[in-house]
Amino acid sequence: MGNWIINHGLSAFILIVWMGINIFLFVYYYLLYNTDESFFYTRHILSAALPWARAPAAVLNFNCMLILLPVCRNLLSLIRGSFMCCGRSLRKSLDKNITFHKCVAYMIALMTAVHTIAHLLNLEWFNNSRDGEYDTLSTTLSDLEDSENETYLNPIRSTSTTPTYVAFTTIAGLTGVVITLALILMITSSMEVIRRSYFEVFWYTHHLFIVFFVGLVFHGAGRIVRHLDTTDPPHNISFCKDQPLNWGNIPECPIPQFEGGFPQTWKWVLGPMILYLCERVLRFIRYMQPVMYRKIVMRPSKVLELQLVKNGFKMEVGQYVFLNCPAVSQLEWHPFTLTSAPEEDFFSVHIRSMGDWTANLISVLEKLPEGSQGPKMAVDGPFGTASEDVFDYEVSMLIGCGIGVTPFASILKSIWYKFKESNPNLRTRKIYFYWLCRETHAFEWFADLLQVLEKEMTEREMRHFLTYNLYLTGWDSSHAAHVTVHFDKDTDVITGLKQKTHYGRPNWDKVFEQICNENPSSTVGTFLCGPEELAKRLERKCVEYSDVDPRKTRFYFNKENF
């Protein structure tokens, strides 16, 4: 439990506070609409459907206020990197911004469903009341019109009007339909299977959030839920509710006046909408800034390396950028981890062909004459990730899977520069690097970098500083025979490194035991860029092999999230 609190305590606390506020808002507004005297007559017609419609609306306002904040990347980067108060736990929580974004979206979906069902029932009750199917009080309330001495309560103004007509002609009804359809499209297109296979569908439908928020702001302008207004003399509900036919005929019972509540949603969402607008303006400014191609290299396994130059671009290790190539798509932006080091005078990314956008980009750049400039490339970023904190730990454990090695390439390059410059501020004293690949060609991406580091460590008599292990998880019989023949060579037959490639997957228990034995009183930062299944396993190992005693080894798990 102690280890879990260390690794997840703040994130769990934030979720508990968020859920607590949701519960409070729901209960508070449910009781308000279920007991407030000004809603007595409305409640008489609608019964429990009134509070069941209004309580989710309050929760929706709160969550619609939050939904944009986790995707304000520049705001998160500012909080993450600029303020001294942003400690390790808070940075780990900020790295889970997309997870929180999804939680808020699920809450919006749930509350929208409850809100919609309750209002559909409300329309049915209003219609039945207009048709005189209920008691005298309900019928009298529904017969009130907008006139000099009267104001209506029932939005269904005549017996010929249907609930469907009200739903598609009133401001509240029409905007409600539009909001709900936009939300359904956004949520369904965000499913993992669609987002991975048809990213363009996810990307374009997610921009329906503009329609969603515009509809949300105007949704309450219809003021369809009305309450009793104050009159002079006052309308005595407890006395007048039993004699609706005498309203306006006796002094104690003037005709009740009703009014709709003032729209509240815009007050909740205006601030986040302005912040997000600033985010998009900043992105547009960066879009207009020129980016020059320094080098274009095609690597094995359909991997493209781009070396780019942009004035004023400053980065840290492990950060990522969003790229937009108008020649491929005017609107699509895709995230890529930076593989260059902060000490270099350019920045680079490695792009693997994994979808239409990346395949089209590679196709365009492959056709260019050698040495020529490529099509316009817009860059937004850089943005902070968990890997930024790698040098804040005494010992760092880096695990990359396939192209997931990219953030660690930046780290390894930076280590080389720090050793080259004899940087005295390097706090880290040991790095363990694990790279898992399914095919041998993938190792060629950064094998030359590892060879340089291997040579540098040997010359400085610091072989202990970097321990790296390469794992090949897929091979055929011919490859196995080739390795068997050349097994006695001093260097590996795949990478040319002195460290031999392992076959199969790591035994993580042995790995963690080794690190614990070699670093008996250290804080170990475990960084992964890889699949979710491996992330869950490594996270469990970090908890299992950590000791609450600060004098012993403790592991902190960090995962790259885009």
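# A guided tour of the predicted model

The chain has 20 helices and 14 strands, where helices (H or I, at least four residues) and strands (E, at least two) are DSSP runs numbered from the N terminus. This is a predicted model, in which local features need pLDDT of at least 70 and side-chain atom pairs count only at pLDDT 80 or more, while totals for chains, interfaces and linings use all residues. Residues are numbered from 1 along each chain as its sequence is written, and side-chain values use heavy atoms, with hydrogens and water left out.

With the whole chain of 562 residues shown, 49% of the residues are buried, meaning under 20% relative accessible area with a 1.4 Å probe and protein chains only. Of the contacts in the chain with a separation of 6 or more, 75% are between residues 24 or more positions apart, a contact being heavy atoms within 4.5 Å.

Next, select strand E3 (292-299) and strand E7 (347-352), the edge strands of an open sheet, each of which pairs on one side only. The sheet has three strands in the order E3-E4-E7, with antiparallel pairing; two strands pair if DSSP finds at least two bridges between them. Neighbouring strands of this sheet are turned by 20° against each other on average, direction ignored, with axes fitted as lines to C-alpha atoms, for helices over the stretch in contact, and angles running from 0 to 180 degrees between N-to-C directions.

Now add helix H15 (residues 356-366), which packs on the sheet and touches E3, E4 and E7, its direction making about 115° with that of E7.

Stay with the sheet and look at its pairings. Seven bridges join E3 to E4, and along this pair Val297 stands opposite Glu305 in E4. The hairpin of E3 and E4 has three residues between the strands, and there Ser301 takes a positive phi near 60°. On to strand E4 (residues 303-309) and E7, which are joined by six bridges and run antiparallel; here Gln307 has Ser348 in E7 as its bridge partner.

Finally, select helix H9 (residues 171-189) and helix H11 (residues 199-206), whose axes come within 9 Å and cross at roughly 150°. That angle makes H9 roughly antiparallel to H11, a term for angles over 145 degrees. Show the side chains of Leu185, Met186 and Ser189 in H9, which meet Val201, Phe202, Thr205 and His206 in H11.

Terms used:
Parallel < 35°, antiparallel > 145°, perpendicular 65-115°, else oblique. Buried < 20%, exposed > 50% of the residue type's maximum accessible area, 1.4 Å probe, protein only.
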